[in-house]
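Please open the model in your viewer, show it as a cartoon, and keep a selection tool at hand for the stops that follow.

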Amino acid sequence: MDVFAPTPAALASLPGEAGAFACGADGRELFCQNEDEVFPSASVIKLPLVMTLYADGARGLVDLDERIDVGDRVDGSGVLRHMRDVDRLSLRDLAMLAITVSDNTATNRLIERVGLDRVGERLREWGCPKTRLSRKMYDSEAAKRGHENVMTARETVSLLMRLQRGECEDRATSDAALAVLEQCQDRTMLLRYLPYGAKVPHKTGTLDESRNDAAIVPGDRPVIVAAFTRKLRDTNAAVSWLGVLGWCAYRAAGNSGDPLPPELTRTA
């Protein structure tokens, strides 16, 4: 039985637009919908940024232990804007904050240190021509000029597959990046209906009209999945749909678990 069978119906009822892609670790497609269409990335764009940092660290181009000034704080997600007594952090710790609590200030320091152009070079090297890190977090002036951070579901899955296969420079570097992604604390989307103890490397992203997530769902047959939304009229419905998608991926990976809530079973 196709565990992704309920997903198209749930997608059709989504109050907004969505794109999603799911495949096995062998690349076999399990589900796709607008998978090559560009969507606002929100904080999922922090995935290729941190991958670039770790890959360049493995090449000796940067030192992950290098400490830099925290600098100007920006609003949005994260904790550094509330921690005025913290003035310097290592690149490694900034990467951890950028992923675990999606810290925008930490992300901006990484962007300044690594460089937008360098991330773009890596994305082209990794076969992701549509994915673009075009500006820092909360850079309203750049946004007004049309510089937006965007991704596609298929390309995002390909980045996670690179980590899964140990191809972010090498196995040790890939595992180090995966260990960071495993600490992402937002479990409201793809992980919404998974057992709480499930360890899933992933990165979420949120905008006023977007809810996004990308994950490597472990199991006997690991599933890599990414989903993006935009123009949402009901964000609660979006996170429920993302939860259904994650639940399907968890089952497709060969895991057993709790059934979906009754209201989702009736409408998914």
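Two strands are taken to pair if DSSP finds at least two bridges between them. With that in mind, and remembering that this is a predicted model, begin by selecting strand 1 (residues 17-24) together with strand 2, which pair in the antiparallel sense over four bridges. To look at one of these bridges, pick alanine 20, whose bridge partner in strand 2 is glutamine 33.

Next, widen the selection to the open sheet to which these strands belong, where five strands follow the order 2-1-9-8-7 with antiparallel pairing. Strand 2 (29-33) and strand 7 (202-207) stand at its edges, and because each has a single partner strand, one side of each is left without a neighbour in the sheet. Neighbouring strands of this sheet are turned against each other by 5 degrees on average, with direction ignored.

Now add helix 7 (residues 153-164), which packs on the sheet and touches strand 1, strand 2, strand 8 (210-217) and strand 9 (223-230). The direction of helix 7 makes about 150 degrees with that of strand 9.

Finally, move on to helix 9 (residues 235-252), where the 18 residues, at 1.5 Å a residue, should span 26 Å, in agreement with end C-alpha atoms that are 26 Å apart. Of these 18 residues 14 are buried, so helix 9 is largely enclosed by the rest of the structure. At the start of helix 9, zoom in on aspartate 234, a side-chain oxygen of which reaches to within 3.0 Å of the backbone nitrogen of asparagine 236. The tour ends at glycine 254, which follows helix 9 and has a positive phi, near 95 degrees.

Notes
Residues are numbered from 1 along each chain as its sequence is written. This is a predicted model: local features need pLDDT of at least 70, side-chain atom pairs count only at pLDDT 80 or more; totals for chains, interfaces and linings use all residues. Side-chain values use heavy atoms; hydrogens and water are left out. Helices (H or I, at least four residues) and strands (E, at least two) are DSSP runs, numbered from the N terminus. The expected span of a helix is 1.5 Å times one less than its number of residues. Buried means under 20% relative accessible area, exposed over 50%, partly exposed in between (1.4 Å probe, protein chains only). A polar contact is a pair of N or O atoms within 3.5 Å; within protein, one must be able to donate a hydrogen and the other to accept it, and residues adjacent in sequence count only if both atoms are side-chain atoms. Axes are lines fitted to C-alpha atoms, for helices over the stretch in contact, and angles run from 0 to 180 degrees between N-to-C directions. Contact means heavy atoms within 4.5 Å.
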